[in-house]
Amino acid sequence: MRNETLTGTLIDDRIELTITEICYACSCSTEWVIELVDEGVLEPVAGERDDLRFAGTSLRRARAARRLQQDLGLNLPGVALALQMMDEMEALRVELERLAGRRQP
Amino acid sequence: MEYKDYYKIMGVDRDAAQDEIKRAYRKLARKYHPDVSKEPDAEARFKEVAEAYAVLKDTERRAAYDQLGRNWKEGQDFRPSQDQGAGFEFSGAGFGDDASAYSDFFESLFGRGFGAQQGFRQARPQPRAQARGEDRHARVLIDLEDAYSGATRTITLQSPQVDENNRVTSKSRTLNVKIPKGVKSGQHIRLSGQGSPGFGDGKAGDLYLEIDFRPHPLFRVEGQDVFLDLPVTPWEAALGATVKVPTPAGTVDLSIPKGTRAGRKLRLKGRGIPGKTPGDLYVAPVITLPPADTESAIALYEKMASEMPYNPRSKLGV
C-alpha cells in the first residue's frame, strides 16, 4: 500500500451526492440532513425527502454545519445564521484583500 | 511530556462550577472555532480548548485530573506515576471527531481508547450485525501550482484500530494520493474504501480529503480565478509595453496597453485554475515610482515637472 498511488474522485459541482452519502460523510441521520434542507442551509439539486441529491460542493457546507452544531452547541436556525454570516464575512474579506492589494505601492 | 493546565486554558478557577466551565468553553469555542476564526493559530487553540473541556465537563475525568494536585504549572515536564493513568475507568462514549488529536498528557491520563470515534451512527437502522465502516476525513494543504499541474501527496493518517483484545488503539498509515489538476480550495477528494473498516461483512467507509491552498506570496485565489498585482513603471503604463508576468504555470508576456491607469485589471482568459471551464488570471497593474536618488533621476523628474503641466488634484477643486 505504501508505494501505491491512489486516485480519488474530485467532489465538485459535477458530482451528485445522495443523502445517504452525505449522512455517511457527516456521521449524521437522514432526518438531520432534511432539517438542514428545511432550514435553507443545503439546497438539493434533485429528489424528494429520503432520495434527495446534492451538488458535490454541499458536502463542505454540511460538514461545517455539523461541526458548528456539535462544537458550539447551536440549534439549526443558529447554524443557518452562522453560515450565512460566515459567507458574508468571507465576501467582505475577499473585497478587503482586493482593496488592500490595490493600495500597495 | 508537558503538563496541561486545563483550568488556565479555559480561563476559570479550579473550583469553578460546571455551568461556569460550559460558559467559558462556549465563549472560547466561538472565538477559536476553525470554521469561524481566521486567526492563524485558531485550530491549535480550539483543539486545546476542546481537550480541556473534554476533561473538565466530565465530573469523573475532572476528579481524576484534580487528583494530580494543584502545584503543577502549564508546560511543566510531567511524568505519570505508576498509579496514575492506568487505573481510571470512565463511563460513557468517546468524544467528538478530533479526539485523536488530544495531547500526550491527555492520553497518559485517560488512555488512547478515548480517541476512538463514537459508535457508528447509521443513516438507517440495519437489522443484521454488519455495518459499513465510518467515513474518515483529513485536510490536505497544497500549493496553487499543484492545482495547475496536478501532484502526488504523501499523507500520514492516524486511524483507530481494534486490536485482538478488543481495545481501540491508534495506528498511523501512509497513503500516496494523486491530487487532480483543477482542484479548488474547499473541494473534497473521495478515496473509496479508504475509511474505517466495516463491521461483519460491511464495506469499508470512504476517506475524504479536504483541499486547501497554502497562502501564496504572489497570487490570490477566488474560486477558480487567480489575481496578481503587477508592478509597472509610469512609462510602461503611459506608453504601453510588453512585460514578463509570472503565472502559476510559468512566465508569459503581457502587453500593457498605452494609457493604463491604476485600478484597471487585465484579464488573461483561461489562465486561472484549469478545468472544464478554466478560471481567468486577472493582472492588476500597480504603478510604482522610481526613486529620485541620483542626479540624473532628479533632473528627469524636474524636467517632467516643468514640461508636463498636470494637476492630479483638479477634481478636488484645488
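**Strands, helices and the contact between chains A and B**

In strand β5 of chain A, the bridge partner of A:Leu17 is A:Phe54. This pairing belongs to a predicted model. Three bridges join β3(A) to β5(A), the strand of residues 53-55, and the two run antiparallel. A further strand, β4(A), completes an open sheet of three strands in the order β3-β5-β4, with antiparallel pairing. β3 (16-18) and β4 (44-46) of chain A are the edge strands, and each pairs on one side only. From one strand to the next, the twist averages 50°. Strands of a sheet pair through backbone hydrogen bonds, either parallel or antiparallel.

A helix lies across part of this sheet. α1(A) crosses β3 and β5 of chain A and runs at about 75° to β3(A). The helix α1(A) covers residues 19-26 and also packs with α3(A), residues 58-72. Two packed helices are described by the angle between their axes and the distance between the axes. Here the angle is about 45°, and the axes of α1(A) and α3(A) are 10 Å apart. An angle of that value makes α1(A) oblique to α3(A). The crossing is right-handed. From α1(A), the residues A:Ile22, A:Ala25 and A:Cys26 take part in the contact. They meet A:Leu59, A:Ala62, A:Arg63 and A:Arg66 of α3(A). By class, the residues of this contact divide into five nonpolar, no polar and two charged.

Chain B has 318 residues, of which 23% count as buried. Its elements are eight helices and 11 strands. Among contacts in chain B with a separation of 6 or more, 58% come from residues 24 or more positions apart.

One helix pair of chain B is α2(B) with α3(B), the helix of residues 42-56. Their axes come within 9 Å and cross at roughly 165°. Angles over 145 degrees count as roughly antiparallel, so α2(B) is roughly antiparallel to α3(B). The crossing of α2(B) and α3(B) is left-handed. On the α2(B) side, the contact is made by B:Ile21, B:Tyr25, B:Leu28, B:Ala29 and B:Tyr32. On the α3(B) side, the residues are B:Ala42, B:Arg45, B:Phe46, B:Val49, B:Tyr53 and B:Leu56. This contact holds 10 nonpolar residues, no polar residue and one charged residue.

The next sheet draws on both chains. Four strands form an open sheet in the order β2(A)-β4(B)-β5(B)-β1(B), and the pairing is mixed. The edge strands are β2 of chain A and β1 of chain B, each pairing on one side only. Neighbouring strands of this sheet are turned by 30° against each other on average, direction ignored.

The pairings can be followed from one edge to the other. Strand β2(A), residues 9-11, is joined to β4(B) by three bridges, and these strands run antiparallel. In this pair, A:Ile11 stands opposite B:His188. A:Thr9 has B:Arg190 as its bridge partner in β4(B). Four bridges then join β4(B) to β5(B), again an antiparallel pair. B:Leu191 stands opposite B:Leu207 of β5(B). Seven bridges link β5(B) to β1(B), the strand of residues 136-142. The strands β1(B) and β5(B) run parallel. In this pair, B:Val140 stands opposite B:Ile211.

How many residues of each chain take part in the contact between the chains? In total, 37 residues of chain B are in contact with 33 residues of chain A. Several elements of chain B give two or more residues to the side that touches chain A. They are the helix α2 (18-32) and the strands β3 (168-179), β4 (188-191), β5 (207-213), β6 (219-222) and β11 (281-287). β3(B) gives the most, with five residues. The residues on this side of chain B divide into 13 nonpolar, 12 polar and 12 charged. Two elements described above recur here. α2(B) is listed among the elements that touch chain A, and this helix also packs with α3(B). β4(B) is listed as well, and this strand is joined to β2(A) by three bridges.

Conventions. Residues numbered from 1 in each chain as written. Chains lettered and ligands numbered in written order. Predicted model: local features only at pLDDT ≥ 70, side-chain atom pairs only at ≥ 80, totals over all residues. Contact = placed C-beta atoms within 7 Å. Nonpolar A, V, L, I, M, F, W, Y, C, P; charged D, E, K, R; others polar. Pairing = 2+ DSSP bridges. Axes fitted to C-alpha atoms, helices over the stretch in contact; angles between N-to-C directions. Buried ≥ 20, exposed ≤ 12 C-beta atoms within 10 Å, placed from the backbone. Parallel < 35°, antiparallel > 145°, perpendicular 65-115°, else oblique. Left-handed = near helix turned anticlockwise from the far one by under 90°.
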